[in-house]
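Me: I'm new to this one and would like a close look at a single part of it. Could you pick a helix, walk me through its surroundings, and then set it in the wider picture?

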Amino acid sequence: MRLALSVGYWGLGLSNEDQLELVVAAEELDYHSVWTAEAYGSDAATVLGWLAGKTSKIKLGSAIFQMPGRSPAMTAMTAATLDVISGGRMLLGIGSSGPQVAEGWHGERFGHQLQRTREYVAIVRMALARERVKFDGERYTLPLPDGPGKALKLMISPVQERMPIYLAATGPKNTALCGEIADGWLPTFFSPEHVGESRELLEEGAARAERTIDADSFDIAPHVMVCIDNDLDRARDAMRPVLALYVGGMGSRKQNFYNALVKRYGFEEAAQEVQELYLGGKKEEAMAALPGELIDITSLCGPRERIAERLELYRSAGVGTLVVSPHGATGEQRIAMLRTLAELL
């Protein structure tokens, strides 16, 4: 198991200098990769381009490029460009985002996600391989028929012969699809205690493609929040704002993938309560309603010794890349957490 850093959405609470300091520290500590995200604020590609010029060896991951925000060809162009300017360090993470962002921000209908993702990845792979892109699918047709379009191939060559493609997947069917078509999985609020169901889904998908899920061919790379603190309650409290946002407010009552995930973990009543409180504007109460056990199984929080024990759980669960997001009041505290994790691992 190797360590990676998530800097999440750029510019929310931390300055450019704060976040760059974290990235530089991670590179000095031999972290494998750094990942950045996008929703409807900072975009991931610009940040990765900036980091490519500020680093020399750490790999650069998109977690994620939003599918509704880019055509498959645009994603391939962006990934190839980042791969070239970074000297072959690009890790391509993509995902469907959610219906509120897809339809409210990008103006793209959120439907038929399994087929759309399958075709999207196929076109991206075709483009990155510098094949002439001709595709006749249910969701994508390239070139468009009866028009002036022609089958084109990427003008530049990525450094990597085969760029790894990771999928963000939360639901059961998406997770199985990830095992079938991707090189890695980017789960959020991953619980090593519940890895059995997820591994079965990944292997179900892999079997359809006549492949296997193993450390050499497939990377399980969960994003995990971290707060190393001798006071366990204080460490848990540092996790509450983000977890409450996703379980309670990242979606609607009808469709919230993270709320559904927490229910599958066995926290049905808590998930319902947190969502009702959060959508009702009672965010502090929603945070307080999160059970300590739920925080514990979806994050790394507490004293050093406790962190060491949980790291072994992630390792035994088959995690290949542990993508950590340190939560601390100061830059020094966050960097100290990165250093402690490196020492423990």
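Reply: Let's start with contacts across the chain, keeping in mind that this is a predicted model. Take the contacts in the protein with a separation of 6 or more: 71% of them are between residues 24 or more positions apart. Overall, 53% of the 345 residues are buried. The protein has 14 helices and 13 strands, and one of those helices, α6, is the part to zoom in on.

Helix α6 covers residues 172–181, and seven of its ten residues are buried, so the rest of the structure largely encloses it. Which ones are they? The buried residues are Thr-175, Ala-176, Leu-177, Cys-178, Gly-179, Glu-180 and Ile-181. "Buried" here means under 20% relative accessible area.

It helps to recall that an α-helix has 3.6 residues a turn, so residues three or four places apart point the same way. Now look at the list again: in α6 the buried residues include Thr-175 as well as Cys-178 and Gly-179.

And what does the covering? Among the elements over the buried residues of α6 are two helices, α5 (113–128) and α7 (195–208), along with two strands, β8 (165–167) and β9 (184–185).

From there, step over to the aromatic rings. Trp-185, Phe-190 and Tyr-314 make up one aromatic cluster, and residue 185 also falls within β9 (184–185), part of the cover on α6.

The protein has ten aromatic pairs in total. One of them joins Trp-10 and Trp-50 edge-to-face, with 5.6 Å from centre to centre and 75 degrees between the planes. Trp-10 sits in the loop between β1 (2–8) and α1 (16–28), while Trp-50 belongs to helix α2 (residues 44–54), so this pair ties together parts that are 40 residues apart in sequence. Are these two buried or partly exposed? Trp-10 is buried, at a relative accessible area of 12%, and Trp-50 is partly exposed, at 32%.

Now zoom all the way out. The C-alpha trace spans about 65 × 45 × 40 Å along its principal axes. A compact globule with 345 residues would have a radius of gyration near 20 Å, and the protein agrees with that, having 20 Å. Its accessible surface comes to about 15800 Å², and 51% of that belongs to carbon and sulfur atoms. As for charge, there are 36 positive and 45 negative side chains, and the centres of the two sets lie 6 Å apart.

Notes
Residues numbered from 1 in each chain as written. Predicted model: local features only at pLDDT ≥ 70, side-chain atom pairs only at ≥ 80, totals over all residues. Heavy atoms only, no water. Helix = DSSP H or I, 4+ residues; strand = E, 2+ residues; numbered from the N terminus. Rg over C-alpha atoms; globule rule 2.2 N^0.38 Å. Buried < 20%, exposed > 50% of the residue type's maximum accessible area, 1.4 Å probe, protein only. Contact = heavy atoms within 4.5 Å. Areas by Shrake-Rupley, 256 points an atom, 1.4 Å probe, with all protein chains shown as cover. Lys, Arg positive; Asp, Glu negative; His and termini not counted. Charge placed at Lys NZ, Arg CZ, Asp CG, Glu CD. Phe/Tyr/Trp six-rings, centres within 6.5 Å; stacked < 30°, edge-to-face > 60°.
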